[in-house]
Amino acid sequence: MTFNWPDIPFSGTEVDAFVVEYKALAEAIINDMDDYSDVHPVAAFKLKTPYQSKQNLKLYLEYGLLYSAFIVKQRAGNSGPGTDFELGNSPVGPIFGEDQAQDFAERLGCTFTKESIECSFRNSPDFDGSQLMDCGSYGSSFSSTSYNLCDFFDGYFPPEGEPSLADPDDPDEPTPCNDFWGKILNKSEQDQEDPNCLAKALPFLASLFASFSGDPALRLMYGLLMHYLNGYGGVVDNYEWNLIGGTMADEWIRNTTSAWAQAPKKTRYTNAGVNDLFEYGFIPGQPIPNHEFNGYTVQLVSSNSSAYGVSGGRVWILSTKSMIKFPSIKNVLGNYTFVTDGNETIATDPDNGHTYITSISSSNIKQIRDDYDFDDYGWKLLRDLDLPGDDFDNDQIQSGFLYTDDTITPCNAVDQEGTQVGQGFYGGTSRWIVANTHGTGRTVAGDYTDALCKSKPFAIKLTF
Amino acid sequence: MRTTHLYAFNNITLGLGTTEFVDENQETLVAVGSSFRIMDIHNFADRMNVDHPLSRNWRDGYQLDTAEQQYMALMEYFPIDLSFSNPVGMGSTTPNVGTKTIQAAVENVSKAMMIAILDNHGKRSSTVGIASTFGRKNVFFNCLVKKEYRGIGTEPWGTWNEPVGVCTPTSISRSNNVAIVTTTPAHGMSTSYDDWGISMNLNTGVATSFNISTHFSPNGVPVTIIDANTFSYKDIGINTSISSVVGIASIHVGWGGTSNNMRILVL
């Protein structure tokens, strides 16, 4: 792939050397990168969305050269173009302000209303000319962009038949956000946005059914969500944990943590065995997702656990991201912190210097800590001055980062998260419920107050 | 390539001719004398951090700043798909979608290359550092990977955000969403540099509302130095004044140098 490098309208010892190195590194990066393949030194799928495409990254590298070279030139401070630009050599051309850009686009005939965008989208065929959102015909092929959209728009667009124009006056026409509670509770749009106790009805029923189960993961999954939705707050200790998850639920997560913490390194191409099916839910013969931390399930946080009240131990984060089994600790806590007595056996991966656990027993685990919060579309616990699992006060609670201002509604927040939405209750539905019990508008740290039907994050600290 | 996206590529944050910047209190200066000069600031939208607010803390990818951009991200090919000769559907109705995101992407890539190539991981340095191409590639990609894949022992996540010093605030006030901090002794930030940042960590009462979340601003927020004992930073909140505060302020260094002021000279 050949770069189209821009002219650098200034020179100097430092900036010239920088530009040479920049171009050489850019060439090496692009040569190493292949779209969506697991290549050295990083797989494309691990990159944030805009950088996963080789063509896009090439563009960013080309345009980034001028800016970074400009900064180097400024820092070098030597005279000549770059410090005193001639106007024609400026890296910055005429610019539209936000309003100007909007006016310009509208004069081109573009409209920016949601209805217009949706209308256009629904009438847009797939790149190969086939009907958009004909999800049934794509099968398991992930090569189609429309197939990826199927998850996102599941239930909002007709699966087959001619796409029709969205008619806002048609009560039968579903729209991504507004129709959700309408379908379930027959509520008005305003009622859907306001926090209401009815939002807890579904998880309560799920929790009720789960309580009949002997599976601590299932009981905890729904029970902890109910604890959050009910706004109980506080710190869940072993006693309360066992009330929710059943007798010995604390020992269950201790044992499961121990087993998963010493799971061997996996690569993307490691195939699962029969035992993996029963223990972790992996399908025998199929590739196992590589673990989050350099191929391992654990990340060493500190070799000194004294701040956690445990002397001589280590502090680890356990990643459950690669676990497939349902329900499991992944669905209960996601990633969380555990503290050991320091008697686990550790090793260092020579390839990347990553410290991991080769052997640990459940008795080595002295604490399990986590904050049950939602840092995107729910409530977030701030831990700038203390640790996950510690007691907290209301001043440490603030809205998740998707609540960017006072006008953001729960539906707005979940719509943004929509690109990540999974399916089923614990995918999309629970997010609407969690967001609903947050309510409209952003709450900054120090302003949170308890209220009826309002959710609240809580801490979890299990000690052994 | 659509016109507005070309603009996005060509510009990071600088808006010549505007009189106020989102992240700056400084106005554009136009001087007419023996020559015509325009003084302006050329810098990143986020002057302090490795990445950009649009992408920070997003679990699996990139936070998009408008709902419409969801569509573009889901189509996997943005902005490259916008160069279609005969765009249909979304592309034809939303030529402005993605502008901020593209600017953010160019900004992030520029930062990643500087961190990978320059001495001192790109901070205040104009000198090419000593490193293998392999090492540079690792650092570059480590800047751009999703949060869960970061090598936290590798730069920039190893030490980049660490403070370079502390100072002791003794009083603080907020007016029109600008906080003014007085320190004793002097804060020690030299006016020779334009890239200082601060993380406030006050301990009591209303003063805690001035604190900077390391979650959202891991390398602090940019400050304006008023004098040897006083500095200010943008801080949204009610107008208030506290004559005695307890805590510390960590001092950070971000993107800049002795001066990143761009001087356009028309003779």
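**View 1. Helices α1(A) and α5(B) lie roughly perpendicular to each other.** In that wording, 65 to 115 degrees is roughly perpendicular, under 35 roughly parallel, over 145 roughly antiparallel and the rest oblique. What you're looking at here and in every view is a predicted model, where local features need pLDDT of at least 70, side-chain atom pairs count only at pLDDT 80 or more, and totals for chains, interfaces and linings use all residues. Residues are numbered from 1 along each chain as its sequence is written, while chains are lettered from A and ligands numbered from 1 in the order in which they are written. The packing angle between α1 (residues 13-32) of chain A and α5 (residues 133-144) of chain B is about 75°, and their axes are 10 Å apart. Axes are lines fitted to C-alpha atoms, for helices over the stretch in contact, with angles from 0 to 180 degrees between N-to-C directions. Helices (H or I, at least four residues) and strands (E, at least two) are DSSP runs, numbered from the N terminus. On the chain A side, Leu25(A), Ala28(A), Ile29(A) and Asp32(A) make the contact; chain B answers with Thr133(B), Arg136(B), Lys137(B) and Phe140(B). Contact here means C-beta atoms, placed from the backbone, within 7 Å. Sorted by class, the α1(A) and α5(B) contact comes to four nonpolar, one polar and three charged residues (nonpolar: Ala, Val, Leu, Ile, Met, Phe, Trp, Tyr, Cys and Pro; charged: Asp, Glu, Lys and Arg; polar: the others, Gly among them).

**View 2. Leu25(A), a residue of helix α1 of chain A, reaches across to chain B.** Leu25(A) has 21 C-beta neighbours inside 10 Å and so counts as buried. The scale is buried at 20 or more other C-beta atoms within 10 Å, exposed at 12 or fewer and partly exposed in between, with C-beta atoms placed from the backbone. Set aside the neighbours within four places in sequence, and Leu25(A) touches Met113(B), Ala116(B), Ile117(B), Thr133(B), Arg136(B) and Phe140(B). As for its own chain, Leu61(A) is 36 residues away from Leu25(A) in sequence, with the two C-alpha atoms 10.0 Å apart in space.

**View 3. Strand β8(A) is sandwiched between two pairing partners in chain A.** Two strands pair if DSSP finds at least two bridges between them. One partner is β5 (residues 336-340), joined to β8(A) by four bridges in an antiparallel run; here Phe338(A) is bridged to Ile368(A). The other is β11 (residues 458-463), also antiparallel to β8(A), with six bridges, and here Arg369(A) sits opposite Lys461(A). Eight of the eight residues of β8 (residues 365-372) are buried, so the strand is largely enclosed by the rest of the structure. Pull back to the whole of chain A and there are 15 helices and 11 strands, with 41% of the 464 residues counted as buried.

**View 4. Four strands of chain B form an open sheet in the order β3-β11-β6-β7, with antiparallel pairing.** The edges belong to β3 and β7 (221-222), each with a single partner strand, so one side of each has no neighbour in the sheet. Zoom in on β6(B) and β7(B): two bridges hold this antiparallel pair, and Gly197(B) faces Pro222(B) of β7(B).

**View 5. Two cis peptide bonds in chain B, one at Pro156(B) and one at Pro185(B).** Most peptide bonds are trans. The bond from Glu155(B) to Pro156(B) is cis, with omega about 10°, and Pro156(B) belongs to the loop between α5 and β3 (165-167). The bond from Thr184(B) to Pro185(B) is cis too, its omega near 0°; look for Pro185(B) in the loop between β5 (178-183) and β6 (196-202).

**View 6. Met248(A) and Asn177(B) have a positive phi, though neither is a glycine.** For Met248(A) the phi is about 65°, and the residue sits in the loop between α10 (238-245) and α11 (249-261) of chain A. Its 12 C-beta neighbours inside 10 Å make Met248(A) exposed. For Asn177(B) phi is about 65°, this time in the loop between β4 (169-175) and β5 of chain B. Asn177(B), with 11 other C-beta atoms within 10 Å, is exposed.

**View 7. Stretches of chain B where the pLDDT is below 50.** pLDDT is the predictor's confidence in each residue, from 0 to 100. Chain B averages 71, and 61% of its residues score at least 70. Residues 57-97 of chain B fall below 50, and this stretch has 95 contacts in the model beyond near neighbours in sequence. Residues 260-267 of chain B are below 50 as well, with 29 such contacts. The model scores ipTM 0.80 and pTM 0.47.

Methods: Contact = placed C-beta atoms within 7 Å.
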